[in-house]
Amino acid sequence: MKVRMCCAGLQNLLQGLSFRAKCYSKHNPPQTMCPYSKTGPKKCHILDCSKSTCTHRTAPAGSILPCRFFSCKEGAKVPSKRKQNTSIVTSDLLHKNLLKSEQKNWNNISPTYKAMTKRIKEKLEELHHMYTLNSGSPRMKFGENVYFEENGCIFLAKADDGEGNAEILFSVEDLGFSDAFIQRIRISPDQRYMAISLKSENSEEATCIIMNLGNLPVVEKVIPSVFSFEWAANDVLYYTTQKNLKCQNVFMTTFTYQKHTKLVYTEQDARFFVDLYCTKDRRFLTINSNSKTTSEVWLVDCRHPLESPSLVQARTTGVLYHIEHRKDQLYILTTYGEPAEYKLMKAPVASSGKENWQLVYALEKKTKLVDFEMFSDDCIMFLKNAGHLYLNVISFVSHSVQSIKLPTWACEFELESHPEHTTSTCYFKLSSPVHPPKRFAYSFKENNLIEQAVQEVPIITNCHTTRLLAKSKDETLVPITVFHNKNSKELHRKPLLVHVYGAYGIDLNMSFKEEKLMLIEEGWILAYCHVRGGGEQGLSWHRDGCQHNKLKGLHDLRACITLLHQRGFSQPSHTALAAASAGGVLAGALCNAEPALIRAVVLQAPFVDVLNTMMKTHLPLTIEEQEEWGNPLEDEKCMKYIKSYCPYQNIKPQSYPSVFITANENDERIPLTGILQYVQKLRKAALDHASRTSKKGNWIPSIILDVQASGSHCDSSWEHSLNEVARQLAFLKRELEEVCHPQDHSKSCK
């Protein structure tokens, strides 16, 4: 059985050495991905709305824990333990009853979608085999050796030899981890050891296995609850441990001579999350402690890995920075200075304080830094400006900058592994929601971009891409990317699927998905609304849509959908909205504020009860989430502001669109209780409105919750993801493509 990566695809699992411009969001949890390994989205998911590099965090402000049952405000009486226990039992019973009720409701409704779901699955499997399986597994070259992963096994082959002679170094099933997938791999500099993290789709925590790659590979050590790990030397491994969705401790362990493990660093601030990275030239291992707005980095000299780390620059509120190294100079990607966008600076290793930082390159206004890769004499920046991707090559030798505009159809890029920083070529892949990944190379010697041999897959020629700008309430121009079939006529009659996220400075996920291509082939229109709160136009775009600016994202979304209809792309009765995780805030808010704009909504693990979640400080992520949503416990204005847009708080009797929500019982980030209560309240409001109105043609929306026992917030198997997508599409097709009668929808609301 093919082992798939979660929100992290396998595409850059093996790289481990490529530097990542970190980003945080509710949908791409830091706790599930390798921060510096490219992680792609699920292979097949209609609701993947953010870039999952979970190169970092993107997690909701809460996990599945019982609600807080009392408030210890000043002057309040603290209940006795007996009362607390009674309250907990009552809440648990309520949760179980709500869950049982929704499961019964889904069991009654699901047969309605069974036949259509089966047809959709067959089509998606066909497209998956046609496009995805031909792409092959990523390869990582170390000198004469090539490492790669396939079907849960890690192989070693010689670079000049065929892979038919590859040796198996590791097998998930042989070690008894049949339900786990390989998440991350790190090879020691001398290739004597290999560290691997394994993770199941039902858990947020990973297990690190260290293999001794001698004549016969054997397990050297097993470390539980590990998030990130890097080799500082041939036999010295640094790693971070994870507990309650937090990483705050760094350990060092050695494997030869005097074997020992010791604690190296502890982060005291609950807002900060710690991970590890090795600079491209392997001179330093960096300990990176980051909140969503502030960074602090410590250096471990890989020539002296047992010595204590040294501080680069003490944390300064509002300043993010990340470190690379070249010829005794630290190259610092940072938001320090004006404007507060990413810029490349440098400083001597011996004088690394920010007073010594010198500007190397600054981004243009409204430009998003998507990725950054360091080489011996150059660095490459992948940038996004006005919806287009650019490749900027900065030469440290000629002190020049070359900017290359990438193909206009490209919406996403994927950087391949470059373990050897002296390489003369940079490889990457470009894709879009409807264009399978295509491989490109930039040659530093030739100073040009080369399109690699075209793979034997059909070329997409019938899809048209349009980029629009919608004027929001404050006259800010909001980008929209639209895809539709070139042969489609009367677009105003075609179904439209709108995507939104708008949180944590994370871009909408626009990588290739088989289901997107299927919809285009069937005449659907796809629209991606790059609203404020996301990161499509730089850090300021995020700041304009978080905390006390969150309503701007709602205004942007409303303006985008309105413009689409004005331009002849569908109409409200044929329009659906898709969102996931934190994207559920804006989607749910739009349902309350402008329900007539859309006919149906599909939500995956949505964050719909912002206020109650942010009031519960015992949840593991609430404190660090305050930089995105604010602190309603200490700021009354913040509390009132959150209450003004929170989807759960603003449900009222009115005509709502149909809603299909998927959730997981094991989701540790989005409280399932909040979703259950949201669905119950929404269904009651829709029924109350229907009972009060007797207007001819009045219809009752379908309010459906599909709770799965397996899977977690970001991780799911290929089979689980396929089934989930097929059910979502079956729901959308029934709502948008078929004539709906009131009696057809009444059952789901009973």
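Colleague: Where does Glu490 lie?
Modeller: Glu490 lies in the loop that runs between strand S29 and strand S30, the latter covering residues 496-499, and please keep in mind from the start that this is a predicted model.

Colleague: And what is its phi, given that Glu490 is not a glycine?
Modeller: The phi of Glu490 is positive, at about 50 degrees, although the residue is not a glycine. Ser581 is likewise a residue other than glycine with a positive phi, in its case near 50 degrees, and Ser581 sits in the loop between strand S32 (575-580) and helix H6 (583-593).

Colleague: Is Ser581 buried or exposed?
Modeller: Ser581 counts as buried, because its relative accessibility is 0% and the cut-off for being buried is under 20%.

Colleague: Changing topic, how many residues of helix H3 are buried?
Modeller: Seven of the eight residues in H3, which spans residues 514-521, are buried, so this helix is largely enclosed by the rest of the structure.

Colleague: Which ones are they, the buried residues of H3?
Modeller: They are Glu514, Glu515, Lys516, Leu517, Met518, Leu519 and Ile520. After the helix comes Gly523, which has a positive phi near 95 degrees.

Colleague: What about cavities, how many of 30 Å³ or more are there?
Modeller: The count comes to eight cavities of 30 Å³ or more, and the second largest of them has a volume of about 110 Å³.

Colleague: Which elements give two or more residues to the lining of that second largest cavity?
Modeller: Those elements are strand S21 (378-385) and strand S29 (477-485). The residues lining the second largest cavity include Lys384, Asn385, Cys411, Arg467, Pro479, Thr481 and His530, and by class the whole lining has four nonpolar, five polar and three charged residues.

Colleague: Now the cysteines: how many disulfides does a search of the whole structure find?
Modeller: The search finds zero disulfides in the whole structure. As for individual cysteines, Cys379 counts as buried because its relative accessibility is 0%, and Cys546 is also buried, with a relative accessible area of 9%.

Colleague: What does the side chain of His322 make a polar contact with?
Modeller: The side chain of His322 makes a polar contact with the side chain of Tyr342, at 3.2 Å. His322 itself belongs to strand S16, residues 321-326, and is buried, with a relative accessible area of 1%.

Colleague: Last one, which peptide bond is cis, with omega near -10 degrees?
Modeller: That is the peptide bond from Glu338 to Pro339, and Pro339 lies in the loop between strand S17 (329-334) and strand S18 (343-348).

How values were computed. Residues are numbered from 1 along each chain as its sequence is written. This is a predicted model: local features need pLDDT of at least 70, side-chain atom pairs count only at pLDDT 80 or more; totals for chains, interfaces and linings use all residues. Side-chain values use heavy atoms; hydrogens and water are left out. A disulfide is a pair of cysteine sulfur atoms within 2.5 Å. Buried means under 20% relative accessible area, exposed over 50%, partly exposed in between (1.4 Å probe, protein chains only). Helices (H or I, at least four residues) and strands (E, at least two) are DSSP runs, numbered from the N terminus. On a 1 Å grid over the protein atoms alone, a cavity is a set of points where a 1.4 Å probe fits but cannot get out, and a pocket is an open set with protein on both sides within 12 Å along at least five of seven lines; lining residues have an atom within 4 Å of a point. Grid points are joined across faces, edges and corners, and a volume is the space filled by probe spheres set on the points. Ala, Val, Leu, Ile, Met, Phe, Trp, Tyr, Cys and Pro count as nonpolar, Asp, Glu, Lys and Arg as charged, and the others, Gly among them, as polar. A polar contact is a pair of N or O atoms within 3.5 Å; within protein, one must be able to donate a hydrogen and the other to accept it, and residues adjacent in sequence count only if both atoms are side-chain atoms.
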